[in-house]
Amino acid sequence: QVQLVESGGGLVQAGGSLRLSCAASGRTFSSYAMGWFRQAPGKEREFLAAISWSGGITYYGDSVKGRFTISRDNAKNAVYLQMNSLKPEDTAVYYCATDTSVARLKSPAIDTRVWGQGTLVTISS
């Protein structure tokens with residue numbers, strides 16, 4: 001079983017930037033895709049971004065296109081989410097996840113992913 005650990009969350013003023021990190025350990029597979037999700041109180045879990053093993057395929061949720069960028073470093077078994085122009089409505093618990101393809105990560109019908117524990121991001125106004 002692969003284990004995912006997020007870091008980098010915290011309190012940021014609106015308009016600022018934050019970079020989240022997710023490190024994989026244990027029984028990892030280098031060919032797996034990775035992605036980011038978030039969930040705010042009273043709202044459904046939202047897909048944010050996914051990236052293929054090679055980095056050649058990426059998907060973004062409509063709400064974060066142009067503001068968030070996903071990247072990965074396979075040598076470190078890590079995935080990152082660069083978040084710019086942050087808004088109070090971005091406040092949520094952010095989770096990373098891994099699956100066998102970016103298509104599976106972005107699909108709302110599939111929930112067989114391995115999840116991290118989450119990291120809280122709070123954007124103040």
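**Exercise 1. Strand pairing around β8**

In which sense do β3 and β8 pair, and over how many bridges? Determine also which other strand is paired with β8, and how far β8 is covered.

*Solution.* The model examined here is a predicted one. Begin with the pairing of β3 and β8, which is antiparallel and runs over six bridges. Within this pairing, Cys22 stands opposite Val79 in β8. Next, turn to β7, which also pairs with β8 in the antiparallel sense, again over six bridges, and take Phe68 as an example, whose bridge partner in β8 is Met83. The hairpin of β7 and β8 has four residues between the strands, and Asn77 takes a positive phi there, near 50 degrees. Finally, consider the accessibility of β8: five of its six residues are buried, and the strand is therefore described as mostly covered.

**Exercise 2. The disulfide**

Find the disulfide of the structure, state its handedness, and establish which strands it links.

*Solution.* The structure holds one disulfide, formed by Cys22 and Cys96, whose sulfur atoms are 1.9 Å apart. The torsion about the S-S bond of these two residues is about 50 degrees, so the disulfide is right-handed. The next step is to place the two cysteines: Cys22 belongs to strand β3 (residues 18-26) and Cys96 to strand β9, so that the pair links distant parts of the chain, 74 residues apart. For the accessibility of the two residues, recall that buried means under 20% relative accessible area. Cys22, at 1%, counts as buried, and Cys96, at 0%, counts as buried too.

**Exercise 3. The nonpolar cores**

Which residues of the largest nonpolar core touch the most other members, and which elements give two or more residues to this core?

*Solution.* As background, nonpolar side chains tend to be buried together in soluble globular proteins. In this model the largest nonpolar core has 26 residues, of which Leu4, Leu20, Trp36, Val79, Leu81, Met83 and Tyr94 touch the most other members. Two or more residues come from each of β1 (2-7), β3, β4, β5 (46-51), β7 (68-73), β8 (78-83), β9 and β11 (119-124). Among these elements, β3 gives the most, with four residues. To see one member in detail, take Leu20: once residues up to four places away in sequence are set aside, its contacts include Trp36, Val79, Leu81, Met83 and Tyr94, as well as Thr119 and Val121. A second core, separate from the one just described, has seven residues, including Phe47, Ala50, Ala97 and Val102.

**Exercise 4. Aromatic pairs around Trp115**

Classify the ring pairs that Trp115 forms with Phe37 and with Tyr95, and state which strands each pair ties together.

*Solution.* A pair of aromatic rings is described by the distance of the centres and the angle of the planes. A search of the whole structure finds three aromatic pairs. For Phe37 and Trp115, the ring centres are 4.9 Å apart and the planes stand at 65 degrees; planes over 60 degrees apart count as edge-to-face, so this pair is edge-to-face. Phe37 lies in strand β4 (residues 33-39) and Trp115 in strand β10 (residues 114-115), so the pair ties together parts that are 78 residues apart in sequence. As for accessibility, Phe37 is buried at 3%, whereas Trp115, at 26%, counts as partly exposed.

The pair of Tyr95 and Trp115 has its ring centres 6.3 Å apart and its planes at 85 degrees, so this pair is edge-to-face. Tyr95 lies in strand β9 (residues 92-99), so the pair with Trp115 in β10 ties together parts that are 20 residues apart in sequence. Tyr95 is partly exposed, with a relative accessible area of 21%. To complete the picture, ring pairs link Phe37, Phe47, Tyr95 and Trp115 into a cluster.

**Exercise 5. Charges over rings**

Which residue lies over the face of Phe37, and which over the face of Tyr59? Describe the surroundings of Tyr59 as well.

*Solution.* Arg45 lies over the face of Phe37, at 5.9 Å from the ring centre, while Lys106 lies over the face of Tyr59, at 5.0 Å from the ring centre. Tyr59 is found in strand β6 (residues 58-60) and counts as partly exposed, at 32% relative accessibility. Neighbours within four places in sequence being left aside, Tyr59 is in contact with Lys106 and also with Phe47, Leu48, Ala49, Ala50, Val102 and Ala103.

How values were computed: Residues numbered from 1 in each chain as written. Predicted model: local features only at pLDDT ≥ 70, side-chain atom pairs only at ≥ 80, totals over all residues. Heavy atoms only, no water. Phe/Tyr/Trp six-rings, centres within 6.5 Å; stacked < 30°, edge-to-face > 60°. Buried < 20%, exposed > 50% of the residue type's maximum accessible area, 1.4 Å probe, protein only. Lys NZ or Arg CZ within 6 Å of the ring centre and 35° of its normal. Disulfide = S-S within 2.5 Å. Core = buried A, V, L, I, M, F, W, Y, C linked by side-chain atoms within 4.5 Å. Contact = heavy atoms within 4.5 Å. Pairing = 2+ DSSP bridges.
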